[in-house]
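Reader: Got a minute to go through a model with me? I'd like to talk about rings and surface patches.
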Amino acid sequence: MVGTTTTDVPPTMGVKIFSAGAAACLADVITFPLDTAKVRQQIQGEFPTTSGIRYKGVLGTITTLAKTEGPLKLYSGLPAGLQRQISFASLRIGLYDTVQEFFTSGEETAPSLGSKISAGLTTGGVAVFIGQPTEVVKVRLQAQSHLHGLKPRYTGTYNAYRIIATTESLTSLWKGTTPNLLRNIIINCTELVTYDLMKGALVRNEILADDVPCHLLSALIAGFCTTLLSSPVDVVKTRFINSPPGQYTSVPNCAMTMFTKEGPTAFFKGFVPSFLRLGSWNVIMFVCFEKLKRELMRSRQTADCAT
């Protein structure tokens with residue numbers, strides 16, 4: 001990210017990866033109910049409902065879920081979500097600076113916008129292929145009761161991995177990789193590049209110091225821009241991943257079915273919980289990420305001085 005830490009030594013790649021993973025996990029734990037609400041709103045209208053339950057608004061969806069299925073349902077899929085952050089966010093965020101340096105190697109000037117975008121594309125794409133199985137399981141666990149009433153398809157995270165791999169196929173754990181790849185390339189580029197540019201502009205123009213208020217504002221703006229651009233792909237990704245075998249012949253078929261049956265507004269279903277979740281997730285993650293990097297490097301410098 002733009003700007004060095006307050007320590008003399010910039011954070012190492014290992015510190016960045018660990019800090020990104022830890023900060024992302026913390027952000028996921030706090031904002032997970034919003035993610036569950038987003039998924040439920042996104043798949044609403046996909047099947048005729050016999051229960052009569054409809055989700056309206058963010059608070060309405062969360063309240064309805066808590067009343068009808070219990071408060072713990074808001075955290076269904078959390079273990080897979082944390083596994084996703086460890087395998088996915090730690091790489092796409094933690095490696096961003098390192099990959100950006102690779103694209104600007106030999107250049108005397110500051111990293112260009114093209115280098116930033118290239119770094120976001122690279123780290124986002126690599127992370128998706130590694131973390132896709134955790135995404136599939138997370139979405140299935142968050143959405144399962146919507147499709148099958150009170151009888152769940154899976155009893156837990158590892159049960160879901162096993163059943164999907166054995167009853168569908170091992171490759172089903174990578175179902176929806178194409179829309180998820182497109183979604184996360186958009187998210188990674190928009191989120192990291194917007195945060196990077198906003199933080200740099202605020203610090204460079206001396207509007208805010210490189211500290212918590214600057215990180216908070218930059219993360220919030222990045223969260224809104226990211227939600228706006230990624231929402232259509234995110235909805236298609238959720239629908240396709242959650243669909244039973246044979247419902248959609250392909251990702252484009254899924255998108256076209258949504259468009260013809262539900263109209264263009266279907267691609268922005270769950271936008272408010274998406275923004276609330278992604279905006280708050282960005283704020284928590286980036287603020288904690290920056291703070292954790294600094295504290296780890298301070299501790300390392302203190303240990304080096306002591307020895």
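Author: Sure. One term up front: partly exposed means a relative accessible area between the buried limit, under 20%, and the exposed limit, over 50%. And keep in mind that this is a predicted model.

Reader: Where does Val-29 fall, then?
Author: Val-29 has a relative accessible area of 35%, so it counts as partly exposed. It lies in helix α1, residues 13-43.

Reader: Which residues join Val-29 in a nonpolar surface patch?
Author: Leu-26, Ile-30 and Tyr-75. Together the four have about 330 Å² of accessible area.

Reader: Switching to rings. How many aromatic pairs?
Author: Six. Take Phe-102 and Phe-103: the ring centres are 5.6 Å apart and the planes are at 70 degrees. Over 60 degrees counts as edge-to-face, so that is what this pair is.

Reader: Is Phe-102 buried or exposed?
Author: Exposed, at 60% relative accessible area. Phe-103 is partly exposed, at 33%.

Reader: What about Tyr-195 and Phe-286?
Author: They form a stacked pair, 3.9 Å centre to centre, with 10 degrees between the planes.

Reader: Which helices hold them?
Author: Tyr-195 is in helix α7, residues 177-204, and Phe-286 is in helix α10, residues 271-306. So the pair ties together parts 91 residues apart in sequence.

Reader: Buried or exposed, that Tyr-195?
Author: Buried, with a relative accessible area of 0%. Phe-286 is buried as well, at 0%.

Reader: Last one. What sits over the ring of Phe-240?
Author: The charged end of Lys-175, 5.5 Å from the ring centre.

How values were computed: Residues numbered from 1 in each chain as written. Predicted model: local features only at pLDDT ≥ 70, side-chain atom pairs only at ≥ 80, totals over all residues. Heavy atoms only, no water. Phe/Tyr/Trp six-rings, centres within 6.5 Å; stacked < 30°, edge-to-face > 60°. Buried < 20%, exposed > 50% of the residue type's maximum accessible area, 1.4 Å probe, protein only. Helix = DSSP H or I, 4+ residues; strand = E, 2+ residues; numbered from the N terminus. Lys NZ or Arg CZ within 6 Å of the ring centre and 35° of its normal. Patch = residues over 30% accessible without salt bridge, like charges linked within 9 Å, V, L, I, M, F, W, Y side chains within 5 Å. Areas by Shrake-Rupley, 256 points an atom, 1.4 Å probe, with all protein chains shown as cover. Salt bridge = Lys/Arg side-chain N within 4 Å of Asp/Glu carboxyl O.
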